Structures are given as C-alpha cells and as structure tokens.
Amino acid sequence: MLDRIGPLRDGAKASLEDALGLGNARRVEKNGHLAIEAGLITDASAFASARPTAWQAVQAARHIGRPHALDIIARAFDRFQELHGDRAFRDDPAIVGGIAELAGRPVVVIGQQKGASTEENIERNFGMPYPEGYRKAMRLYRLAEKFHLPLVTLIDTPGAYPGPEAEERGQAEAIASSIHRMTRLATPIVAVVLGEGGSGGALALGVADVVLALENATYSVISPEGCAAILWRSAAEAERAAEAMKLAGPDLLETGVVDALIREPAGGAHTDHDATAAAIKTALVAQLERLTRVPIADLLSLRYERFRAFGAIVEPGTEVVQAPPMPWWRRALRSPLRRGRR
Amino acid sequence: MLFNKQLERRWNVCQKCGHHFKLGAAQRIELLADSRSFTEIDAEMTSSDPLRFVDSKPYPERIAAAQAKSGHRDAVVTGDAAIAGIPVVLAVMDFEFMGGSMGSVVGEKITRAAERAFAERKPLVVVAASGGARMQEGTIALMQMAKIVSALARLDAAGTPYLSVLTDPTTGGVLASFASLGDIILAEPGALIGFSGARVTSETIGEKLPKGFQRAEFLLEHGFVDQVVPRTQLKERIAFFLGAFRVAGQDLRWSL
C-alpha cells in the first residue's frame, strides 16, 4: 500500500496518456470507444450559438423529473446492492451507496439522492446530506480502497443540509474529512455531476481523477439565490448571479472544473432516463477502462496535480497565471482520432 | 468606554468582560511569532479576475478597495516564523479583507505554505478568520478547498504537525476544508464557528437559534475542537503542542 506521494514520477504523464490510448487509435476503434468519445463534449466551442444560458441550466438541473442517482444506478449498473449507515449515528437517505457491477466490473457507487415527488423529497431531505451521509460515503470509500474497487460518485445536491442538527454533528468536519479521504484514496475515482453541484456539499464527493457532468448540470460555490441575497441583497437577482458565477456546463469546461460533458437527449435528461443512463454508462466504462490501467502512485500524483492547478493569481514578474484553458488531462480525454499519433 | 490603545495592549481583548474582538493579521503575527522571527513569503501575490465578475461593482474594484482598507494584498499572510524557538510555517487570515474570503490567492498561499512545511519538515500553523469561499471567483474558489486539503493530506501522511486555530468568524468553505483538519484544533472564546451562516440555519428551521449556537464553546461541547484558549494564552499553548510533537519526531525533525 502506498504511504506517501512523491512528486510526479518521470513518465507518469506519458504512462497515463499511453493508458488513455492516445496514439493507438486502431485499438480504441476496435473495442468501440470511438462511439463513446463522440458522446462527450470536451470543448465549450462545441456549443457555438446553442450555448444554454446559466439560468436555463439551473432550471434543467433542478427539474424534478430529472434522473436522480438511483435512476441512473438502476439503468447503468447491474446487480446493485445498497449498503446502509455510517456505523455511528444513522443511515442518511440523502446519500445512497453500495456495490454494483458496471459492464461486469464490480465497483463502489455513491450518489446524492433527490426525490421525484414532494413526498420523496421530504424523505430524501431534497438531496441535502447530513454529516452522517458523508460519513457513510467515507466508509464506502474505504471499502473501495481496501478491495481495489473503482469508485464512481454521482453528484446531485443543492448543498449539504444547513440545519442545527447538522451543525451539532459536524457538517463542516464531515465535508472536510470526505475531501481529505478522496485526495489520497488509492483507487480510481470518476465523479459525474448529474444535476446540481451545490458547493462544498458536492465537492465532498467530487475529488476524482476524472470529473464529468451532464450537459445541463451546474456546479457552483453557492446557490444563485444565496449569492444574489448576499451580493445583490435580493434573492430575485438569482438569474444574474447564476450568469456571473459561470456555473453552467460550458463554463465548467472552460475553467477546467469539469473534464468533459455528457450529452443529454434532445429536450433534456428528464425526457429520457434510459438514454441518459446509457450515455453515462458508456462514458464511465471508457474512463474506468483507462484509469484502471494507470499505476496507483501515478494516479494519486495526477489527482494532486489536477486540483493543484486551480487558481487565478498574479505575481510580480510573472504573467497572469490561470488554470490552462486546455489542461493536459482534458486533452487526454479527447478523441484519439482528433489527436492523431504522438 | 474602551480605549483603542488599551485594547491593543491587550491584543483586542476587553479587560473588563474578556470579549475577544477581531485581531488583524499583523497583530496576530506579533502575538504568535517570536520577536523579529517572521519572514513573509508570497507577499505580492494578488488575484486576477477569472470570471470577470461584476455585481454592484467589478471584482477588481472590490479587491483594490479591500487592499486600501486592510493594507494586505489578499485575505491571508504567510511566512516562516518561530514560535517559542520552534521554526514553523505560519499562515494568518485577515477578516478585514473581503470578510477573509477564500479565493485563488488564499488557496495558493496556504497550499504553498503546506508544501513548504512538507518540504522543510516544519510544523504548519494556520489561523483561520473567514466567511467562507469567495463568490466572485465561483467554482475556482470552491476548488481551493480541494487544493489546500490535498497538500494537507500529504503533510498528514508525512507525520508533520498541523495546528489549526479558529478565530471569529470561521465559517463555510474554510471550516469545511483546512480549518477542520488540524491535528490539534484550538478556538478562541466566543468565536463564531459553523458550516452555514446562522441566518441561513435559522431560516431553514424557521425559528430562533439557541443562545451560544455555533460559538467556540458549542463546538467544544460537541467534540469538534480540542480546546477553547484565551488569546493571551494562545502562543504558549501552541508552543506546548509543538514541543510535545517535536519530542516524538526522530532526530529532532518531523519524521517522513
């Protein structure tokens, strides 16, 4: 087992790019990955004039008929066995998780669960986890690592629950610890933002080697309403706040927060759960196929680098430093055919 | 009537009632670091405006105003220091600068501080004072949580001590990341410490919150901080823990 991460080993990038099948288009073509790549959007310019507004994305991401974690798990995974409880306090219904098979490969899958009706939403606390939800997730992370199972997380939450019981039980500590565990978890991790990526409560499941999102998903530091209430002093300005915070899919590609977007069926994910789940499955299978071939030590160094790169700072004597518009890990996700031979 | 001079001499602690007023980064460093031991690093780093964010004012104007008001380039000051003779890397946040909010600069400076502590095998001491992530940098601000925690996780695995000090206020994304991960977590008396703002919480349940909710003593009672330490005793307490951990290290260095 790994007990330390050194600087990125010489050749780690090369070994990943190699594992990602770059420069080996024929093999990729043969096992069908070409079609998979066609379903992923890795460049915001793909939207051209059809780029949805931030507010459209917010509404689509919150649509009550949108496929939620269990809808996706039931369709994209086989033989799901749910595991319950954090072994300390209770079972949080806002986070579901367990063991399932993804195209024949056993994996640990964890997701935030919203309801499809008001009643269900009350039961699921509208997808807002309590600390024990994150502690359940951490227990499952450990299972994944211990038994060498890849980890898939499905993110869909307005945010971690802000109530007094959550504070008493250490909401902040639970999120911080969950992030901490993920940064060094010695197994491949793919995260998919299904709907709302609400702040720290979303990031607690989001420290992955590859972060994907459905086309209309959002990911933001605070809800548009919360941001509007603080900066514009009126929750009615939520639409403007959403636009300003750059929380929609194409923005997330540009900032590098998300590596690739998964196309939704025309009309949005809520119109066709089967097709949405199929697109997610193809993307997950392809990413795990690649990630499981990278040595764990390299994977952890690359995960460190992925998150280390975020920031927009200016220092004297240097140019404006920003996250590169097309970081290498996203280049590696692009179609091998478009990339050509190295 | 309290006179500022009197307060300053007592590190902004009221002599009558013991109330801890906020302390700026410069004074905090003077409080904790041995005389003339502090050398600032990354002093000139400032934030660019990655989202070209405009609310009632453009973000760069807000930064400029905060710089003029606080005398700092952003919401954290980092550097090498000695605490009771023990060399440390010290990071101190300043609430005066845009509510101590965490954007790219706070993220980068604390990450570098943690990486420096890792490379030089020196303990890391971080004093938090923050409303949370900086909205004007959107998800890039959110990602700073993962960035800092990644560096802290390396430090943790290397067996290098990390002490977190929570001051008034420590909330949101700062508490939900590095501030909650100290080997030892100390808090100042009466400091507001919580995940969500008290207003949000009170609106969520539609009733008033109990007295003392989200105060340092509340967190102590619920098991999320090790000690509530008055400001005047903070330095010696930090020195005690650093000394104890130092003894445990090999060769008087922090073990890898």
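The exercises below work through a predicted model of two chains, A and B, each with a stepwise solution.

In this predicted model, local features need pLDDT of at least 70 and side-chain atom pairs count only at pLDDT 80 or more, while totals for chains, interfaces and linings use all residues. Residues are numbered from 1 along each chain as its sequence is written, and chains are lettered from A and ligands numbered from 1 in the order in which they are written.

**Exercise 1. Chain B as a whole**

Task: State how many helices and strands chain B has, and compare its radius of gyration with that of a compact globule.

Solution.
- Step 1. Chain B has nine helices and nine strands. Helices (H or I, at least four residues) and strands (E, at least two) are DSSP runs, numbered from the N terminus.
- Step 2. The radius of gyration is taken over C-alpha atoms, and the globule rule is 2.2 Å times the number of residues to the power 0.38. For 256 residues the rule gives a value near 18 Å, and chain B, at 18 Å, agrees with it.
- Step 3. The C-alpha trace of chain B spans about 55 × 45 × 40 Å along its principal axes.
- Step 4. Of the 256 residues in chain B, 51% are buried. A residue is buried if 20 or more other C-beta atoms lie within 10 Å of its own, exposed if 12 or fewer, and partly exposed in between, with C-beta atoms placed from the backbone.
- Step 5. Among contacts in chain B between residues at least 6 apart in sequence, 72% join residues at least 24 apart. Two residues are in contact if their C-beta atoms, placed from the backbone, lie within 7 Å.

**Exercise 2. Chain A and its helix α4**

Task: Give the same kind of overview for chain A, then find which residues of α4(A) are buried and what covers them.

Solution.
- Step 1. Chain A has 17 helices and 10 strands.
- Step 2. Buried residues are 53% of its 342 residues.
- Step 3. In chain A, 75% of the contacts with a separation of 6 or more are between residues 24 or more positions apart.
- Step 4. In helix α4 (residues 54-62) of chain A, the buried residues are A:Ala54, A:Ala57, A:Val58, A:Ala60 and A:Ala61.
- Step 5. The cover over the buried residues of α4(A) includes β6 (189-198), β8 (218-220), α11 (224-232), α12 (238-245) and α13 (249-255) of chain A.

**Exercise 3. The contact between the chains**

Task: Describe the side of chain B that touches chain A by element and by residue class, and identify the strand pairing across the contact.

Solution.
- Step 1. Chain B gives 51 residues to the contact and chain A gives 50 residues.
- Step 2. On the chain B side, β2 (46-47), α4 (104-120), α5 (138-157), α6 (172-175) and α7 (198-205) each supply at least two residues. The largest share, 15 residues, comes from α5(B).
- Step 3. By class, this side of chain B has 27 nonpolar, 18 polar and six charged residues. Ala, Val, Leu, Ile, Met, Phe, Trp, Tyr, Cys and Pro count as nonpolar, Asp, Glu, Lys and Arg as charged, and the others, Gly among them, as polar.
- Step 4. Strand β10 (residues 313-314) of chain A and β2(B) run antiparallel and are joined by two bridges; strands pair if DSSP finds at least two bridges between them. A:Val314 has B:Thr46 as its bridge partner in β2(B).

**Exercise 4. Strand β7 of chain B**

Task: Determine which strands pair with β7(B), and whether the residues on its two faces are buried or exposed.

Solution.
- Step 1. Strand β6 (residues 162-171) of chain B runs parallel to β7(B), with four bridges between them. The partner of B:Leu163 in β7(B) is B:Ile184.
- Step 2. Strand β9 (residues 227-228) of chain B also pairs with β7(B) in the parallel sense, over two bridges. There, B:Ala187 has B:Val228 as its partner.
- Step 3. β7(B) (residues 184-187) is covered on both faces: B:Ile184 and B:Leu186 on one side, and B:Ile185 and B:Ala187 on the other, are all buried.
- Step 4. B:Pro169 lies in strand β6 of chain B, and the peptide bond from B:Asp168 to B:Pro169 is cis, with omega near -15°.
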